[in-house]
Every structure is written in C-alpha cells, then in structure tokens.
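Me: I'd like a close look at the charged side chains here: how they pair up and how well covered they are. Once you've been through those, carry on into whatever surrounds them.

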Amino acid sequence: MRYSRYLLTTLKETPADAEIASHQLMLRAGMIRKVAAGIYNYLPFGLRAIRKVEQIVREEMERAGALEILMPMVVPAELWQESGRWEQYGRELLRLQDRKDTGFCLGPTHEEVVTDVVRNTVRSYRQLPLNLYQIQTKFRDEIRPRFGLMRGREFIMKDAYSFDLDEAEADMAYEKMFQAYRRIFERCGLKFRAVEADTGNIGGSSSHEFMVLAESGEDAIVSCDLCAYAANVEKAELLPASMAASKPAEALRRVATPGQRSVEEITSFLGITPQQLVKTLILQTDEGESVAVLLRGDRELNAIKLCRLLGCSEVSLADEEVVQRETGAPSGFAGPVGLRLRLLADHEVAAMADFVAGANAEDTHYLGVNLQRDVVLENFADLRLAGAGDPCPRCEGRLESWRGIEVGHVFKLGTKYSEALGATVLDDQGRERVLFMGCYGIGIGRTVASAIEQNHDKNGIVFPLPIAPFQVLITVVNPKEQDVMQAAEVLYGELQALEVEVLLDDRDERPGSKFKDADLLGIPLRLTVGSRGLKEQAVELQRRSNGERSLLPLAEAASQLAGIVRQALS
C-alpha cells in the first residue's frame, strides 16, 4: 500500500476528550474517528488491526471445532422475554419498536438467539457436541461511554456458544475454549492472565476473564506468586483467619472524637493504625433490608460477595436518614456494640481484639472492643476485596496485585437458557434432555485497544507484529531523488512478492515529519531508504519495539525482512 494513496491522516495534537493512551493514539494514528458518544468509524489503518485479530480468532475457533454463523443485531423482544432478561437486563439494553409496534432490542449478547437456532435445528444427541460462534456488532447503551474502543456502546465481538448433552461434556467444551483463548491472546503478542470471575448478567455457575495486564486497566486482579491461581479481586477467595483472637486485655471505654468521621481522621486523632480499627458499614439491599458489615479499617467491602451471601442483586451504602435511624448517630460513628441490626463480619475481624469502633453516638468512639464479650454477631464470612500480600487460597503463596483490561470472558451457563427456551434433544434411550451450555466472548476492538495500552511509549504505538496493520514501513527520504525512489519501489515490490504486508511512505514530506509519523503508527519494522545508505548499497532497519538499528544489504533486505516476519509469526 502506498501512503500517498491511503486514507491515513495523523493528528499532532491529542484530542481533548481522549483520556487514556489507546484512545489518544488510535485517534492520532488515524485508526478511528468518533461518530457519537461510544460509537466510532473504523478507518483503514484501524480496520486492518481489527481484521488481524479476527483472523487469529477464526483460526483458533476452527481449531477448537467451532462453526461460524452470523446472527442478527436486531433481536425480537419475545426471545428475551422467554429467558426473563427483557425485564432484568436494565437500561443498557436498547429497546425499540418497528412500524407495527413490535418490540425489538439491539443485541448486547446473543444467548437467546443462538438457543433459538439450536432448539429449531438440533434434534438428536448425535448432533452434539456443538459449538457455534459469530463475529458481530453488539450494542450496549453504556451510561458513560468512555476510553474509545475500551468502553464504547457499539463494538465488535466474537461470541461462541457450546451445547452438550450433560455437564461433564460441557466441562470438556469449556476447557477446550479456555485453551483456545490462551492461544488467541498468546498469538496476539499480549501479556495476560486468565482469572476466576463473577458471572454477572450472563449468569451460570462459573467463569474466567482474560485480562491484558496494563496500568490503565479498570479491573484489579490478583495472582499467586507460587501457583497458577488468579482471580478478579471481586471473585478472589480469602481464607478465614488462621489465628484466634487474643483474650481481651482492655476494658470497654468511650472516648470523645469530635468531628472525626473517616478512618484517616480517627486513626490520626487516636494515634493508632487502620489495622487497629474496625469500621461498621450500614448498607441497604435492593429489597430494602438494612444490614451492618464489620471490616478492618484498611479493607474494602466486596459487594458481590455480600450480595451472594444475602441473596440479593445489589447493595449500597445507606443514606444519612437510614444511618441515623438504625444507629442513633450521624454517619461516621456507627459501631457494633449494642447495634440492633443484622450484623455480619469479615473473617479477618475474628482475629482482632481490643480494637476501636464507633459508639453509635455523635463524636464518640469505643476503645477496647472485643467481639466475644461486647458484640452480638450473626456470622463471619469472606466479605472483603483481596489485595497484595493476602494468602493464596490454593497454596502457601501470597497474592500479587495487577491492573487488567478484560478482553475475553468464558462462562459455564449450565441449563439457564436452554431450559427457559426449551432447547432439548433426544438421547440414545429416546429421552428428552435439556442441553448444557457455555458461552465465550472476545472484544475484538477492545483487544486492539488493550494491545496499545500495553505497548506504547511517549512517541506512539508499538504494535505487536501479529496484529500490526502492516508489518513493514518503508520510509523514503526525499522521494524526488530518482535513484532513491527507484530503490524503494524495488524493495516494495520484492516484499509484496514475499507476502510481507508493507506500507510505502512515498509522500513528499520532510524526513522529520515522516519519522514522527512512523513512531506514532507503531509499525514493527521500518526500512529507511535514502541517498546516504544507497551509496553503500544498504538500507537501515529499525525495530519499533526497542529502537535497535542495523544496516541491511540492499540486495538482501527483502528476503531478510521476510525471514524476520516469518520467525515472529511462527
């Protein structure tokens, strides 16, 4: 491809609304352009990277035995009503009506549609196992779309769905797709972790997220420093405290803490550490129930674990009126002593003694609180977010913390959708059996954006070669010089003949401007053709990943580059 004939316009300035590196660089490198909030045009340079990821996905899906189909983006409401998700999914589901006032939605995911396909086409156990996938546009009406392709409303997704006769075969299908996902992200050249995760709106019995490691990641994850255990912090298991609480050594006593509400204020005022404080959170469920939770002062509540324990969908901090009613004091002074409210405590609190807590009175705290002596507690549970240094739940190791960007998610769905929509087959005994399902998603555009988040520097993108829009960039210094342009044309033709994807920068621009664009675009290998090198019948090769430069003989440059590319892709 010749740069002079290519639709590739770079930007010198970073757009004001672009907050993270991938969004900034994809706009500056002419990969995408905004149409509306969370909706983008994919321009030629960006679309090439998208197609590279899609090709890797297709190859690995085929290797795993999945069959490609294509389902509609516009989905009848009646299918979602059958599954129960029409009412449950929330405002992210964009609902619409046609001219006959028939309800539809823009598909954010396609469990209902694919289950409808299978219930109408699969009759016998002999047609199993079955795995169907598509690469299709999805739409989720995010309340706050941001970060470019990282959290858009319209996006390209690969979603696959497996159908099996029983749970054991479904587990085998899940493992096969799990390994396929590992290969996909390895082939994309990404550093990632596969972590245990919550099933969320999709449902099912268990799931794993595939996280690209990047400092800008929205998700916090932990992994063991000794074994393979890894999990999203919301899912990570924390073991009960291994030591029993010390016997009370202090008497319970009240102390004035005027205006001291936050953990930081209280610990500073009393001269203690957050580890010596227990905070009492007053919460309300989506069903209106009030509950109190005890956590060590330096810990954060895991709302997902609490919801699972309470059997509710959502919990939130109680408002000031509820706190005053339940504790008799303003926010910041709640405590467990004498609290007449359902009271739960994190396992870690069980090992604490003589701690500080609120006294349920304004400007007052208790010192020397001990649970067994002073508090009526319903139960201990795993209720906090995991963090670095916590013990691994699988071995003797310790957890390390990372930031991650979710690019893939695999779920064991069980019979949630097949039972609701009546997807059954006859087994070898002629009995009707409800199918066991799994679903497996990859954000295609998000994978490209995540690669950029993980691979960039102050000058621009540093594409991993497997998903780079082009593998080689030929930068022609002064294309008006006939011998320079002729040498570049020969190289360009030789590389194309060797099936190397090459962009020829034949623009009549200053060399400095071309070099800046080259760094911004992040094409892995750059050949510079100029009169100085041609005097020695050589061209300069520069690797974008590390800036390493070397001279290649002009006559051998194309074959050597083709070898480098083949080796990187093998």
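Reply: Let's fix the vocabulary first: a residue is buried if its relative accessible area is under 20%, exposed if it is over 50%, and partly exposed in between. Also keep in mind that this is a predicted model.

Start with Arg373, which at 39% relative accessible area falls in the partly exposed class. Its side chain meets that of Asp374 in a salt bridge, with 2.8 Å from N to O. Asp374, on the other hand, is buried, its relative accessible area being 16%. In general, side chains of opposite charge can pair when their charged atoms come close.

Now for a pair that reaches further along the chain. Glu300 and Lys279 form a salt bridge whose closest N and O atoms are 3.9 Å apart. Glu300 sits in the loop between strand S15 (290-296) and helix H8 (303-310), whereas Lys279 belongs to strand S14 (residues 278-285), so this pair links distant parts of the chain, 21 residues apart. Lys279 counts as buried, with 17% relative accessibility; the cut-off is 20%, and buried means under it.

Near the start of the chain there is Asp17, whose side chain meets that of Lys34 in a salt bridge at 3.7 Å, N to O. Asp17 is in the segment before helix H1 (21-28) and Lys34 is in strand S1 (residues 32-36), so the contact ties together parts that are 17 residues apart in sequence. Here both ends are partly exposed: Asp17 has a relative accessible area of 43%, and Lys34 has one of 47%.

Those are examples from a longer list, since the count comes to 47 salt bridges with a 4 Å limit between nitrogen and oxygen. Some are joined up: Arg296, Asp298, Arg299, Asp346, Glu348, Arg384 and Asp390 are linked in a network of salt bridges.

So much for the charges; what about the nonpolar side? In soluble globular proteins, nonpolar side chains tend to be buried together. In this model the largest nonpolar core has 64 residues, and Met31, Met61 and Tyr181 are the ones with the most contacts inside it. Helix H6 (residues 167-187) gives the most to that core, namely eight residues. If you click on Met31 and skip its neighbours within four places in sequence, its contacts include Leu43, Phe45, Ala49, Val448, Ile452, Ile461 and Phe463. Apart from this core lies another, of 28 residues, with Tyr89, Val118, Leu165 and Leu421 among them.

Two of those Met31 contacts, Val448 and Ile452, take you into helix H12, where both are buried. H12 (residues 444-454) has 11 of its 11 residues buried, so the rest of the structure largely encloses it. That includes polar and charged names such as Arg446, Glu453 and Gln454.

Then have a look at the strands. S11 (residues 219-224) pairs with S21 (residues 399-414) in the antiparallel sense over six bridges, and Cys224 has Leu399 as its bridge partner in S21. S11 also pairs with S12 (residues 230-232), again antiparallel, over three bridges; there Val222 stands opposite Ala231. S11 and S12 make a hairpin with five residues between them.

Cys224 may tempt you to draw a disulfide. Its sulfur is the closest cysteine sulfur to that of Cys392, but at 3.7 Å the two are too far apart for a bond, because the limit is 2.5 Å. Cys392 is buried, at 2% relative accessible area. Cys105 is buried as well, at 0%, and its closest cysteine sulfur, in Cys439, is 16 Å away, too far for a bond. The disulfide count comes to zero.

One last stop is an open sheet of three strands in the order S13-S19-S18, with antiparallel pairing. S13 (253-256) and S18 (355-358) stand at the edges with a single partner strand each, so each has one side left without a neighbour in the sheet. From one strand to the next the twist averages 35°. S13 and S19 (residues 364-369) pair over four bridges, and you'll find Arg253 opposite Leu367 in S19.

How values were computed: Residues numbered from 1 in each chain as written. Predicted model: local features only at pLDDT ≥ 70, side-chain atom pairs only at ≥ 80, totals over all residues. Heavy atoms only, no water. Buried < 20%, exposed > 50% of the residue type's maximum accessible area, 1.4 Å probe, protein only. Core = buried A, V, L, I, M, F, W, Y, C linked by side-chain atoms within 4.5 Å. Helix = DSSP H or I, 4+ residues; strand = E, 2+ residues; numbered from the N terminus. Contact = heavy atoms within 4.5 Å. Pairing = 2+ DSSP bridges. Axes fitted to C-alpha atoms, helices over the stretch in contact; angles between N-to-C directions.
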